[in-house]
Amino acid sequence: MDYPHLIGGDAAALVYSRSMPWDHLPGALILTEAGGVIGRHDGGPLVPRRLEGGIVAAPDQDTYDAVVAALPV
């Protein structure tokens with residue numbers, strides 16, 4: 001339910017601490033088709049086989065970059 005809210009403008013970005021692929025891949029597809037960006041906390045791409053680390057989703061690249069930069073290392 002979070003990804004449609006992001007696409008609809010109800011949220012500025014989404015930050016998740018876990019990355020189970022079945023929880024995020026459908027929303028990631030919808031988001032990227034709508035022009036949004038999704039990736040890892042470290043700025044890397046979302047890779048379904050990689051379960052450690054978190055996810056950042058944003059409506060555009062600039063917002064994604066700003067959120068990743070603001071996260072603690």
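These legends describe close-up views of a predicted model.

**View 1. The whole protein follows the pattern α-β-α-β-β-α.**
Three helices and three strands make up the fold. The radius of gyration is 11 Å, close to the 11 Å that the globule rule gives for 73 residues, so the protein is as compact as a globular protein of that length. Along the principal axes, the C-alpha atoms fill a box of roughly 30 × 25 × 15 Å. Of the 73 residues, 33% count as buried. Take the contacts between residues at least 6 apart in sequence: 50% of them join residues at least 24 apart.

**View 2. The largest nonpolar core has nine residues.**
Its members are Tyr-3, Leu-6, Leu-14, Tyr-16, Ala-28, Leu-31, Ile-38, Ile-55 and Ala-57. At least two residues of this core come from each of helix 1 (2-7), strand 1 (14-16), helix 2 (21-33) and strand 3 (55-58). Another core, of six residues, lies apart from it. Val-37, Val-56, Tyr-64 and Val-68 are among those six. In soluble globular proteins, nonpolar side chains tend to be buried together.

**View 3. Ile-38 belongs to the largest nonpolar core.**
Neighbours within four places in sequence are left aside here. Ile-38 is in contact with Tyr-3, Ala-28, Leu-31, Ile-55 and Ala-57, among others. Its contacts also include Thr-32, Leu-46, Val-56 and Tyr-64.

**View 4. Ala-57 is a buried residue of strand 3.**
Its relative accessible area is 0%. That is under the 20% limit, so Ala-57 counts as buried. Beyond four places in sequence, Ala-57 is in contact with Tyr-3, Leu-6, Ala-13, Leu-14, Leu-31, Val-37 and Ile-38. Leu-6 is 51 residues away in sequence, yet the C-alpha atoms of Ala-57 and Leu-6 are 8.3 Å apart.

**View 5. Ala-12 sits in the loop between helix 1 and strand 1.**
Here an alanine is exposed, with a relative accessible area of 60%. Ala-12 is in contact with Leu-6, Pro-59 and Thr-63, leaving aside neighbours within four places in sequence. Gly-54 is 42 residues from Ala-12 along the chain, and their C-alpha atoms are separated by 17 Å.

**View 6. Leu-51 lies in the loop between strand 2 (37-40) and strand 3.**
At 42% relative accessibility, Leu-51 counts as partly exposed. Leu-51 touches Ser-19, Met-20, Pro-21 and Arg-40, not counting residues up to four places away in sequence. From Leu-51 to Leu-6 the C-alpha distance is 23 Å, with these positions 45 residues apart in sequence numbering.

**View 7. Asp-62 is an exposed residue of helix 3 (residues 61-70).**
Its relative accessibility is 64%. That value is over 50%, so Asp-62 counts as exposed. Val-37 is 25 residues away in sequence, and the C-alpha atoms of Asp-62 and Val-37 are 9.3 Å apart.

**View 8. The protein surface exposes about 4400 Å².**
Carbon and sulfur atoms supply 61% of this area. The protein has 4 positive and 9 negative side chains. The centres of the two sets lie 13 Å apart.

Methods
Residues are numbered from 1 along each chain as its sequence is written. This is a predicted model: local features need pLDDT of at least 70, side-chain atom pairs count only at pLDDT 80 or more; totals for chains, interfaces and linings use all residues. Side-chain values use heavy atoms; hydrogens and water are left out. A nonpolar core is a set of buried Ala, Val, Leu, Ile, Met, Phe, Trp, Tyr and Cys residues joined through side-chain atoms within 4.5 Å. Buried means under 20% relative accessible area, exposed over 50%, partly exposed in between (1.4 Å probe, protein chains only). Helices (H or I, at least four residues) and strands (E, at least two) are DSSP runs, numbered from the N terminus. Contact means heavy atoms within 4.5 Å. The radius of gyration is taken over C-alpha atoms; the globule rule is 2.2 Å times the number of residues to the power 0.38. Accessible areas come from the Shrake-Rupley method with a 1.4 Å probe; for residues, only the protein chains shown count as cover. Lys and Arg count as positive and Asp and Glu as negative; His and the chain ends are not counted. The place of a charge is taken as NZ of Lys, CZ of Arg, CG of Asp or CD of Glu.
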